[in-house]
Amino acid sequence: QEVRYHFSATKEGKNPAEFLKDYQGRLLLVDGGSEFNAAVEAKGLLRAGCWSHLRTYFFHARHHHPEAALLAIGTIRDLFAIEEAIRDASLEDRRAARERDARPLVEGLFDWVVGLRRTTRPTSLLGEALTYAVNGREYFERFLAHPELPMHNNRSELALRGPVVGRKAWLFAGSEGGAKAAATLFTLTGSCAMQGIDPWVYLADVLSRINDHPVSRIAELTPRGWRLATAES
């Protein structure tokens, strides 16, 4: 696993589209933001929705609409429990379990959402949760047919938490150049965390060798490449 951070001055759709222009995959797991639409259209990607984001909408509605919100939260909890049980299963076993156990819950949830939405004020917190669910139904159901796809992007959100929380204390990057440099450093240290290696040890070693290292073998100096080489030596 690795992580890549990228800085852009705005949330315009052209930025994710440019970032993903060389992406060779078929699936894109993101939240419901419209800024990803251009990338999905340009690359012909299959967009998938994050169930943790959907849960958050119902979580925010729980004080004003406890019965309905907690029912949705409980169903999503059951779906996550199914995922936990098949986390280490083969793709075929995961597909079968999702079809057998998860699909009925998903279809039942959305049938309930569609019916409840007809009698719920759209601008209420519950109404917003129901609208978010209905608008993204195709994306939320995507994981059922793709066993290689997780039903949430929690790992990405967790990796992003440091910069998002920290920026309120740091306040400024100094310039766009500084923000881009920070994104590069977050990429390296975040990938080190995912690889289970000490970023200080990694950086000290790589920075001492990078000037003499062949450009054609630069992948050896990525956190993943460095970990593999260290394990073999």
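How exposed is Glu107, as judged by its relative accessible area? Glu107 is partly exposed, with a relative accessible area of 35%. The legends below return to this residue after a look at the whole chain. Please keep in mind that this is a predicted model.

**Figure 1. The whole protein chain is built from 12 helices and two strands.**
If you walk along the sequence, you pass the elements in the order α-β-α-β-α-α-α-α-α-α-α-α-α-α. The C-alpha trace spans about 65 × 45 × 35 Å along its principal axes. The protein chain has 233 residues, and 35% of them are buried. Take the contacts with a separation of 6 or more: 58% of them join residues 24 or more positions apart. The accessible surface comes to about 14,400 Å², and carbon and sulfur atoms hold 55% of it. As for charge, the chain carries 30 positive and 29 negative side chains, and the centres of these two sets lie 3 Å apart.

**Figure 2. The largest nonpolar core of the chain holds 29 residues.**
In soluble globular proteins, nonpolar side chains tend to be buried together. Which residues of this core touch the most other members? They are Trp51, Leu54, Phe58, Val106 and Phe143. Several elements give two or more residues to the core: β1 (27-30), α3 (51-60), α4 (66-85), α5 (91-117), α6 (125-135) and α8 (142-145). Helix α4 gives the most, with seven residues.

**Figure 3. Trp51 and Phe143 form an edge-to-face aromatic pair.**
A pair of aromatic rings is described by the distance of the centres and the angle of the planes. For Trp51 and Phe143, the centres are 6.1 Å apart and the planes meet at 80 degrees. Trp51 lies in helix α3 and Phe143 in helix α8, so their pairing ties together parts that are 92 residues apart in sequence. Both of these residues are buried. They also belong to a wider cluster, in which ring pairs link Trp51, Tyr57, Phe110, Tyr132, Phe140 and Phe143.

**Figure 4. Phe143 has a varied set of contacts.**
Leaving out residues up to four places away in sequence, which residues does Phe143 touch? Its partners are Trp51, Glu83, Arg98, Ala102, Val106, Leu149, Pro150 and Met151. One of them, Glu83, makes a good next stop. Glu83 lies in helix α4. Is this residue buried or exposed? Glu83 counts as buried because its relative accessibility is 14%, and buried means under 20%. Setting aside neighbours within four places in sequence, Glu83 is in contact with Arg98, Phe143 and Met151.

**Figure 5. Tyr5 and Phe186 form a tilted aromatic pair.**
There are eight aromatic pairs in the count. In the one shown here, Tyr5 and Phe186 sit 5.5 Å apart, centre to centre, with 50 degrees between the planes. The pair links distant parts of the chain: Tyr5 belongs to the segment before α1 (14-19), Phe186 belongs to helix α10 (residues 176-195), and the two are 181 residues apart. Tyr5 is buried, with a relative accessible area of 12%. Phe186, at 24% relative accessibility, counts as partly exposed.

**Figure 6. Arg62 is found in the loop between α3 and α4.**
At 25% relative accessibility, Arg62 counts as partly exposed. Beyond its neighbours within four places in sequence, Arg62 is in contact with Ala69 and Leu70. Now look across to Leu125: Arg62 and Leu125 are 63 residues apart along the chain, and their C-alpha atoms are separated by 8.7 Å.

**Figure 7. Arg77 lies in helix α4.**
Arg77 is exposed because its relative accessible area is 55%, and exposed means over 50%. How far apart are the C-alpha atoms of Arg77 and His152? They are separated by 12 Å, while the two residues are 75 residues apart along the chain.

**Figure 8. Glu107 is found in helix α5.**
Here we come back to the residue from the opening question. With a relative accessible area of 35%, Glu107 is partly exposed. Glu107 and Gly74 are 33 residues apart in sequence, and from C-alpha to C-alpha they are 15 Å apart in space.

Key:
Residues numbered from 1 in each chain as written. Predicted model: local features only at pLDDT ≥ 70, side-chain atom pairs only at ≥ 80, totals over all residues. Heavy atoms only, no water. Helix = DSSP H or I, 4+ residues; strand = E, 2+ residues; numbered from the N terminus. Buried < 20%, exposed > 50% of the residue type's maximum accessible area, 1.4 Å probe, protein only. Contact = heavy atoms within 4.5 Å. Areas by Shrake-Rupley, 256 points an atom, 1.4 Å probe, with all protein chains shown as cover. Lys, Arg positive; Asp, Glu negative; His and termini not counted. Charge placed at Lys NZ, Arg CZ, Asp CG, Glu CD. Core = buried A, V, L, I, M, F, W, Y, C linked by side-chain atoms within 4.5 Å. Phe/Tyr/Trp six-rings, centres within 6.5 Å; stacked < 30°, edge-to-face > 60°.
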